[in-house]
Amino acid sequence: MSTLLISACHGPPACVAVHTYLFVDGLDVVSRSDSRMAGIDPQRLLRPGGPLYPTDMPCTVDVATQERPEPGPDRLTIRVRLRGATVIWSDLMYPGLDGRPIEEVRFRLEAYLGEVARAYAALQGHPFGQ
């Protein structure tokens, strides 16, 4: 099983806009998938019942959008589904530590939901999360 860590950039002056970081097993999924991308707004991605919350019916979730050289319509998507007590992210394509492509990761449901809830709660203490 993989581990998930979610964080958010507060935007200016550090970055152009507020965005989400998704780390799976310590690797930044967005930047390793496409360095031109930046995670979408955490309020949209992490809200209760939002797109990262898994259901039995698989759904495609936008997790990042093109940031460089200009903001654009290109999107990075993942497929999220629930199978028993396992959350599955598929349709991935980023290099692992060994250089081989990672196409699918699995998380324990309880730990996954706990991390999404923790990251969302952390937003509420920041001005961009209000």
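Trainee: Let's start with Arg36. Is that one buried, partly exposed or exposed?
Mentor: Keep in mind this is a predicted model. In it, Arg36 has 34% relative accessibility, so it counts as partly exposed. The cut-offs are under 20% for buried and over 50% for exposed.

Trainee: Cool. Which side chain does Arg36 meet in a salt bridge at 3.8 Å?
Mentor: That's Asp74, with the 3.8 Å taken from N to O. Arg36 sits in the loop between helix H1 (29–33) and strand S4 (37–39), while Asp74 sits in the loop between strand S5 (59–66) and strand S6 (75–83), so the pair ties together parts that are 38 residues apart in sequence.

Trainee: And how accessible is Asp74?
Mentor: Asp74 comes out at 35% relative accessibility, so partly exposed.

Trainee: Why would side chains like that pair up at all?
Mentor: Side chains of opposite charge can pair when their charged atoms come close.

Trainee: Which residues make up the salt-bridge network with Arg36?
Mentor: Asp34, Arg36 and Asp74 are the ones linked there.

Trainee: How many salt bridges does the count come to?
Mentor: Seven. Another one to look at joins Arg75 and Asp62, with their closest N and O atoms 3.7 Å apart. Arg75 is in strand S6 and Asp62 is in strand S5, so this pair ties together parts 13 residues apart in sequence.

Trainee: What about the accessibility of Arg75?
Mentor: Arg75 is partly exposed at 43% relative accessibility. Its partner Asp62 is partly exposed too, with a relative accessible area of 28%.

Trainee: Now the helix. What does Glu115 form a salt bridge with?
Mentor: With Arg118, where the closest N and O atoms are 2.6 Å apart. Both residues lie in helix H3 (residues 109–123), three residues apart, which is about one turn of the helix.

Trainee: Is Glu115 buried or exposed?
Mentor: Buried, because its relative accessibility is 10% and buried means under 20%. Arg118 counts as partly exposed at 38%.

Trainee: Switching to strands. In which sense do S1 and S2 pair?
Mentor: Antiparallel, over six bridges, with S1 covering residues 4–9 and S2 covering residues 19–24. Look for Ile6, which stands opposite Leu22 in S2.

Trainee: How many bridges join S2 to S3?
Mentor: Two, and those strands run antiparallel, with S3 being residues 27–28. Here Phe23 stands opposite Asp28 in S3.

Trainee: Which residue in that S2 and S3 hairpin takes a positive phi?
Mentor: Asp25, near 55°, in a hairpin with two residues between the strands.

Trainee: Next, the nonpolar core. Which residues touch the most other members of the largest one?
Mentor: Leu52, Trp89 and Tyr112, out of 29 residues in that core. In soluble globular proteins, nonpolar side chains tend to be buried together.

Trainee: What does Tyr112 touch?
Mentor: Leaving out residues up to four places away in sequence, Tyr112 touches Leu4, Leu52, Pro54, Val80, Val87, Trp89 and Phe107. So two of its contacts to find on screen are Leu52 and Trp89, and both of them are named with Tyr112 as touching the most other core members.

Trainee: Last topic, cysteines. How many disulfides does the structure hold?
Mentor: Zero. If you click on Cys9, it counts as buried at 8% relative accessibility. Cys59, with a relative accessible area of 27%, is partly exposed.

Notes. Residues numbered from 1 in each chain as written. Predicted model: local features only at pLDDT ≥ 70, side-chain atom pairs only at ≥ 80, totals over all residues. Heavy atoms only, no water. Salt bridge = Lys/Arg side-chain N within 4 Å of Asp/Glu carboxyl O. Helix = DSSP H or I, 4+ residues; strand = E, 2+ residues; numbered from the N terminus. Buried < 20%, exposed > 50% of the residue type's maximum accessible area, 1.4 Å probe, protein only. Pairing = 2+ DSSP bridges. Core = buried A, V, L, I, M, F, W, Y, C linked by side-chain atoms within 4.5 Å. Contact = heavy atoms within 4.5 Å. Disulfide = S-S within 2.5 Å.
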